[in-house]
Amino acid sequence: MNNPIRELSDAFPDAVVIVDSQGKTIAANAQAASLFGYNEREITNMPVKALFPGQLLTVPRQRSGHADTGRYFEVVGTRSDSTQFPAVAAWMPLLIDHFVAAVLTIRVIAESQSAQFVLSRGLETLIWEGQDRQALLRYLIRAREEERARIAADLHDDAIQVISAASLRAQQLGLQLRDPIARQVLGKLQETLNLSLERLRQLIFDLRPPDLESGRLAAALRAYHEEMRSDSGIVYKLNDRMTAQAPDPVALLIYRNVREALTNVRKHARARTVTVELLDIEDGCLARVVDDGVGYDPAEVEARPGHLGLVLIKERAELAGGWCRIESCPGTGTTVEFWVPLAESFAEPGAGRGRAG
Amino acid sequence: MDHIFGRDHYRVIALVARIADLTPEEAGRVTDAWKQTSPADRARAWAGLVRTTTETERYQILAAASLARREALAAAHRMQRMDWAFWAAASDAAAAVAAGPGIGSPYQTLTAPLATVMPSLAGRQAPAETRPADVTAASSTTSARARKSASTP
């Protein structure tokens, strides 16, 4: 080994290993020997791969053109006692005594850099998991809507038809009965059948409000307000300032979100008044649901799991290419506001902007 | 780590670090300024922001907004000054910073409340004697601390 090269490598603060074209170390500085836990004689003639087991290290065989030349790449070094350490390394081809050798410099990643590295990997994992979670929610939202539509159709086409037929037959039977007790029993039976029909129709209404199908979002919301007013005593105000008509999928999304927000008001807010506003904003709809209830501390509530309703409001809006804000403070009520574009391509989860589900 | 808040992640981190240092008086100014903007104007700004960005950028913007909101919420707790307009303002500003000034008027609308105490957000400098620690000032200890904590290998 040329003495100047040896002196140069010894002067390096990093560990330096000089490797021949066969991948064997022909020299190493004291820092390298110390880093890997060998003496200088032991580390010489070792296959360099033994210092980095299980990793692809391509030794440069010429002075230029090697992919890893002149840049650091991440490696995990293994010491003589089998302990490992994270490091970065770089190759530098060198012409020594008419043959090309390769100088490998190895720099141990400091603890803070190592933590940064782990953090960076952790963030990447979080992003992937966040994307998985979004895809799952997208699927959940779409599956819920499809399931609602299917149940509504099944109820309409099957259960309601069967009960209606039973009710008609009961009426026909009633015309033939003379016994007052039997007529009374039949009357009760008819009442029960009618109640079943009414409940099933209400269920269909909840699953797919007919007003929405005829493009009347405000009317659907008003109907829901009426229903809630009767059993909660909360005063509802609807301020509809929408002039554009939302396409059906967008209207359904707005309806679902407002309804979810109102359900939360009824369950948790202890509010006297709740105001729903619908406004045209930037080719989209801004919906605001503001109550005067007890409010909550977001730091406390958001730290607890189990707020799927609020999460769904946010996800539905964001997946549709919009945004959502849900804010509150103790004693100041709660505000839910979201904006969604009216363009139908954004409204269907999974459609538009490459949102394949 | 760069990509979590987009290409302006250092500015986002500097902003978030600065939120933690706000005084109750500064938080009050931010809150008051936020309430002066109409919900419709803010909604317009947010709509503009989400419409002019790609899905990936929106993810970064929402991540920045979420982090700033949490930091402001924690700061509000420390200050015992609970008004959601404060953390909403922080969230708006971080979203706009992550999107970058190139988005135009939505940037101004969304950063304006926080810019009352962080003038650099509005792209202007307050007089030196009244200027609080600035999120982009090279001499700011906050910025230096943020840069240090955000440095990547």
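Select α5 (84–99) of chain B together with helix α6 (residues 105–115) of chain B, where helices and strands are DSSP runs numbered from the N terminus (H or I with at least four residues for a helix, E with at least two for a strand). In this predicted model, B:Ala89, B:Ala90, B:Asp92, B:Ala93, B:Ala95, B:Ala96, B:Val97 and B:Ala99 of α5(B) meet B:Pro106, B:Tyr107, B:Leu110, B:Thr111, B:Pro113 and B:Leu114 of α6(B), a contact being two residues whose C-beta atoms, placed from the backbone, lie within 7 Å. The residues of this contact divide into twelve nonpolar, one polar and one charged, with Ala, Val, Leu, Ile, Met, Phe, Trp, Tyr, Cys and Pro counted as nonpolar, Asp, Glu, Lys and Arg as charged, and the others, Gly among them, as polar.

Now look along the two helices. The axes of α5(B) and α6(B) come within 8 Å and cross at roughly 135 degrees; axes are lines fitted to C-alpha atoms, for helices over the stretch in contact, and angles run from 0 to 180 degrees between N-to-C directions. That makes α5(B) oblique to α6(B), given that angles under 35 degrees count as roughly parallel, over 145 as roughly antiparallel, 65 to 115 as roughly perpendicular and the rest as oblique. The crossing of α5(B) past α6(B) is left-handed, a term for a near helix turned anticlockwise from the far one by less than a right angle, with right-handed used if the turn is clockwise.

Keep α5(B) selected and add helix α1 (residues 9–20) of chain B, whose axis comes within 9 Å of that of α5(B) and crosses it at roughly 160 degrees. That makes α1(B) roughly antiparallel to α5(B), and the crossing of these two helices is right-handed. Here B:Arg11, B:Val12, B:Leu15, B:Val16 and B:Ile19 of α1(B) meet B:Ala90, B:Ala93, B:Ala94, B:Val97 and B:Ala98 of α5(B). By class, this contact has nine nonpolar, no polar and one charged residues.

Next, show both chains. The contact between them takes 19 residues from chain B and 27 residues from chain A. On the side of chain B that touches chain A, α3 (39–51), α4 (55–79) and α5 (84–99) of chain B each supply at least two residues, and α3(B) gives the most, with eight. By class, that side of chain B has 13 nonpolar, three polar and three charged residues.

Move to chain A and select the open sheet of five strands in the order β2-β1-β5-β4-β3, whose pairing is antiparallel; two strands pair if DSSP finds at least two bridges between them. Its edge strands are β2 (25–28) and β3 (73–78) of chain A, each pairing on one side only, and the twist averages 35 degrees from one strand to the next. Six bridges join β3(A) to strand β4 (residues 84–96) of chain A, and the bridge partner of A:Val75 in β4(A) is A:Ala87. Ten bridges join β4(A) to β5(A), where A:Val88 stands opposite A:Arg107.

A second open sheet of chain A has five strands in the order β6-β7-β8-β10-β9, with mixed pairing. The edge strands are β6 (235–241) and β9 (323–328) of chain A, and neighbouring strands are turned by 10 degrees against each other on average, direction ignored. Within this sheet, eight bridges join the antiparallel strands β7 (residues 273–281) and β8 (residues 284–291) of chain A, and A:Leu278 stands opposite A:Ala287 in β8(A). Add helix α8 (residues 248–269) of chain A, which packs on the sheet by touching β7, β8 and β10 (334–341) of chain A and makes about 10 degrees with the direction of β8(A). Helix α10 (residues 308–319) of chain A also packs on the sheet, touching β9 and β10 of chain A, and its direction makes about 150 degrees with that of β9(A).

Finally, colour by pLDDT, the predictor's confidence in each residue, from 0 to 100. Chain A has a mean pLDDT of 84, with 91% of its residues at 70 or more, although over residues 345–357 of chain A the value is below 50. Chain B has a mean of 80, with 78% of its residues at 70 or more, and its pLDDT stays under 50 over residues 124–153. The model scores ipTM 0.78 and pTM 0.65.

Residues are numbered from 1 along each chain as its sequence is written, while chains are lettered from A and ligands numbered from 1 in the order in which they are written. In this predicted model, local features need pLDDT of at least 70 and side-chain atom pairs count only at pLDDT 80 or more, whereas totals for chains, interfaces and linings use all residues.
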